[in-house]
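Please read the following points beside the coordinates. They concern one helix pair and one sheet, and they are offered as a colleague's remarks.

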Amino acid sequence: MPIKYIPFIPEPVEGQAVLANFNRVLKYKGADDVASTLRRGMPLYEMEKQEQVGDNPNGNMVIRGECVSACAYLKEQGIQVDLVYIDPPFASGADYAKKVYVRRNPKVAEAIAQAEQELDIDELKAFEEKMYGDVWDKEKYLNWMYENLMAIKSVMSETASIYVHLDWHIGHYVKILMDEIFNETNMINEIIWWYPSGSDPSQCFNRKHDSIYWYSKNKGNYVFNFDAVSIPYSEEQLKRFKEVDEDGRRFYWNKNPRGETIKTYQKNGIGEYDVWNIGIDATLNKELGYATSKPPKLLERIIKASSDEGMIVADFFGGSGVTAAVAAKLGRRFIHCDIGLNSIQTTRDRLIAGGAEFDVLEIKDGVQLYRNPVQTMDKIKALIPGLKNEDSLDSFWEGAISDSRLGTIPVYVPNLMDSSSKLLDKVMMNRIIHQAIPDLDAGVKKVIIYYIDITSKEEIEAFIKEDDSTAVEIELRDLKTILDDVVIGDYAEFHTEEVHADPFSGYQVVIDKFISERVMQKIDDFNNKSRMNATAKRPFNPIEISGEGLELIEFLSLDCTAADGEWHSDSEIKIDKNGYAISNGAKTQDFWDGGIRSEKCPQRLKIRNICGDETVWTVK
């Protein structure tokens, strides 16, 4: 349950005259439901600090959770952001996944030749490695975007700007939403990011650009650092500035559009154009495993242009962490937010490598049992007994269960990507009774409604009983009870040694054995599919894991400070896909040796497997 709801806009004082808060310019399916959600406010959940990296005097944050809930927390804490860049899903109809690499086994020399083995398969994308699903219908996407943009606006400072990065799939619709939310007079630029590389289609013009919509919260007062992003003059242009005024400023005489003669003064350069030719190669896709990661140079230009040192830069769909990394490099404070655990891990490791200090926080909203809501939804479908797709049902229903006595029983499951659907209250129940159920076939006798949070089960059941508009039986079920029993940690055997040898003296935890049932299931699925699809030209080449299982480890960390609570990473090792050790953020040319060292006595060990699941053990 949320602690409370935070209003999107300031509450008016008594007697204050205000305009209507929700003037829907764009009418689409579900718009009224969004207005109801906005009136209720942003859900504020408990925020738990998972880890603190460094002293973090600037209050930098890496938040695992949804945009709306993160904004509720920021607003409750009185934190305002000065620049927002978001690169949300593009409503492209695609699922995005990360490649998984089996690591070198430090204890089996023969395994080194298999270090480059990749898992990049449909089965894997369906579970552990799906980072997010960009599969929307237009109405749902616009509902979701409207709520997120309203939440973001609520935590922007009066001089703040927002850059929203989209493409041809949905950008023109979101532009209309932004005109409504931020006021069309506050639009500064539509920026075209042009990337002349990649495929060459034969059935259409080559799609080689994205659009970035830049709005200020107040066009009369916003940050724009011309000199930081101007284009240097060419030698030929500099020759024009021949005259000098009484203050020593160089200029030349020019004519304005009205034909008047004016002085054009020399600046640091000419204004940057709104078409940016920044190649796509700089995204570090191969290294980070994020197919949609954006170039650091793109973020550098935006951050330099629209923020000053010490200002807060926020990205609420943070992905690989490029915004936070560039902001830290440029002396800005940062807030990274994403629903995906893989995003948090990638960003954390990236920031540590760059020497940044920050807190890792998690919103306790009841859906963090899996790597992200997309995977949770996939798992839910597999765990609900008898649930199957039913094409005849409206998209409101996740599917149906067949019952010999009652026939088809439609099942509703809240969309974990949409925070407005997580809470079952009277508003949602009224919609189910008066909109969703009447659309069902007349023969339906029962429906099942799953929920994440509920205002009060007794209150909702009483509301259902009092409403006599339907004879369909409505059964309420807590979705969390399905998920609570299926979280299985990995298994590890290890021992601790004291080391007294030049140049190191301290402790070493050696991993003797590691077993991850979930990763092994994915590897088995991969091998089975490869075996079925094998040909003479492409023979079956299975992925084989040694008895020790150390190839399944990506990251280790030791906490020498506390035996429970917030994690303190006093020593850590990340193993890259080629088996090289990255020790405390510093890359080395050494292969991982199967252990991790610390100067102080370790109290806890954390291991992250190659699919991103983390398990913690007490070190005795």
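1. Two strands are taken to pair if DSSP finds at least two bridges between them. The model is a predicted one, and in it an open sheet of 6 strands follows the order E31-E30-E29-E28-E33-E34, with antiparallel pairing.

2. The edges of this sheet are formed by strand E31 (586–591) and strand E34 (614–618); each has a single partner strand, so one side of each is left without a neighbour in the sheet. On average, and with direction ignored, neighbouring strands of the sheet are turned by 20 degrees against each other.

3. Within the sheet, strand E28 (residues 553–559) is joined to strand E33 (residues 604–609) in the antiparallel sense over 6 bridges, and Asp559 has Arg604 of E33 standing opposite.

4. Helix H11 (residues 341–353) should be viewed together with the sheet, since H11 lies across E28, strand E29 (571–575), E33 and E34. With respect to E29, H11 runs at about 115 degrees.

5. Turning to the helix pair, helix H13 (residues 426–436) packs with helix H14 (residues 457–466) at an angle of about 35 degrees, and their axes are 10 Å apart. The crossing in which H13 passes H14 is right-handed.

6. On the H13 side of this contact are Lys426, Met429, Asn430 and Ile433, which meet Glu459, Ile460, Phe463 and Ile464 in H14. Sorted by class, the contact of H13 with H14 comprises 5 nonpolar, 1 polar and 2 charged residues.

Terms used:
Residues numbered from 1 in each chain as written. Predicted model: local features only at pLDDT ≥ 70, side-chain atom pairs only at ≥ 80, totals over all residues. Heavy atoms only, no water. Axes fitted to C-alpha atoms, helices over the stretch in contact; angles between N-to-C directions. Helix = DSSP H or I, 4+ residues; strand = E, 2+ residues; numbered from the N terminus. Left-handed = near helix turned anticlockwise from the far one by under 90°. Contact = heavy atoms within 4.5 Å. Nonpolar A, V, L, I, M, F, W, Y, C, P; charged D, E, K, R; others polar.
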